[in-house]
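Hi there,

Here is the structure I promised to pass on. Have a look at it first, and my notes follow underneath.

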Amino acid sequence: MEKDFIDALERLRNRQPQHPDLAKKAKLGTLQINVTTVAQEAGRSRTLIGMDDCRYPRVRAAILAEKADVASVVETRTAEDVIRRLRDDRAALAASLRASESENAALLLRLRDVERAAQREIGIAERRATNGQGGRARTGLNTGASQVIPLR
């Protein structure tokens with residue numbers, strides 16, 4: 001049985017499956033190599049290679065390695081595929097740009113608020129220095145003693 005699975009995997013690698021459904025997918029270019037397709041091509045049950053503790057772990061490891069190799073290689077088949085991928089990339093970049101612009105606008109508004117608050121604090125500190133109040137802060141609370149504020 002292990003030989004059946006290995007032979008089926010090899011046929012799928014070569015894009016020459018014998019199973020009618022898989023042959024049709026190979027012609028259309030949608031054939032994928034995974035545990036299910038290898039079992040279907042071999043004419044065996046998927047459960048024999050479908051789980052980590054399966055009966056044929058070497059076959060499963062070979063299938064998963066093949067699947068990882070295929071996933072790492074991006075195949076461009078037609079101009080439509082290239083155009084679709086470029087449009088998807090453009091849409092993703094446009095969304096990223098909009099998010100960046102929005103974040104920059106929010107940061108700019110926050111920076112302006114901080115600048116206004118800093119100018120307000122500078123003004124208060126200057127008034128205190130010229131009025132002779134030193135480091136005492138105005139609390140707005142009645143402390144029992146009146147304070148005289150000199151006019152300019």
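**Contacts and overall layout**

In the protein chain, 46% of the contacts with a separation of 6 or more are between residues 24 or more positions apart. Please keep in mind that this is a predicted model. The chain has five helices and zero strands, so written along the sequence the pattern is α-α-α-α-α. Of its 152 residues, 16% count as buried. The exposed surface comes to about 12,000 Å², and carbon and sulfur atoms supply 53% of that area.

**The nonpolar core**

In soluble globular proteins, nonpolar side chains tend to be buried together. Here, the largest nonpolar core has 16 residues, and the members that touch the most others are Phe5, Leu12, Val38, Ile49, Tyr56, Val59 and Ile63. At least two residues of this core come from each of α1 (2–13), α3 (35–42) and α4 (57–72). To take one of the core members, Val59 touches Glu2, Phe5, Ile6 and Ile49, once residues up to four places away in sequence are set aside.

**Helix α1**

You may like the simple geometry check on this helix. With twelve residues at 1.5 Å each, α1 should span 16 Å, the rise being counted for one less than the number of residues. The end C-alpha atoms of α1 lie 17 Å apart, which agrees.

Which residues of α1 are buried? They are Phe5, Ala8, Leu9 and Leu12. These four cover an arc of only 100° around the axis, which puts them on the same side of α1. The general background is that an α-helix has 3.6 residues a turn, so residues three or four places apart point the same way. Just after α1, Arg15 takes a positive phi of about 60°.

**Glutamate 41**

This is the residue I would show you on screen. Glu41 sits in helix α3. Is Glu41 buried or exposed? With a relative accessible area of 7%, Glu41 is buried, because the cut-off for buried is under 20%.

As for its surroundings, the side chain of Glu41 makes a polar contact with the side chain of Arg11, at 2.6 Å. Neighbours within four places in sequence aside, Glu41 is in contact with Ala8, Arg11, Leu12, Pro17, Gln18, His19 and Leu22. Two of those names, Ala8 and Leu12, also appear among the buried residues of α1.

Happy browsing, and best wishes

Notes. Residues numbered from 1 in each chain as written. Predicted model: local features only at pLDDT ≥ 70, side-chain atom pairs only at ≥ 80, totals over all residues. Heavy atoms only, no water. Buried < 20%, exposed > 50% of the residue type's maximum accessible area, 1.4 Å probe, protein only. Contact = heavy atoms within 4.5 Å. Areas by Shrake-Rupley, 256 points an atom, 1.4 Å probe, with all protein chains shown as cover. Core = buried A, V, L, I, M, F, W, Y, C linked by side-chain atoms within 4.5 Å. Arc of directions from axis to C-beta. Polar contact = N/O pair within 3.5 Å; in protein donor to acceptor, adjacent residues only side chain to side chain.
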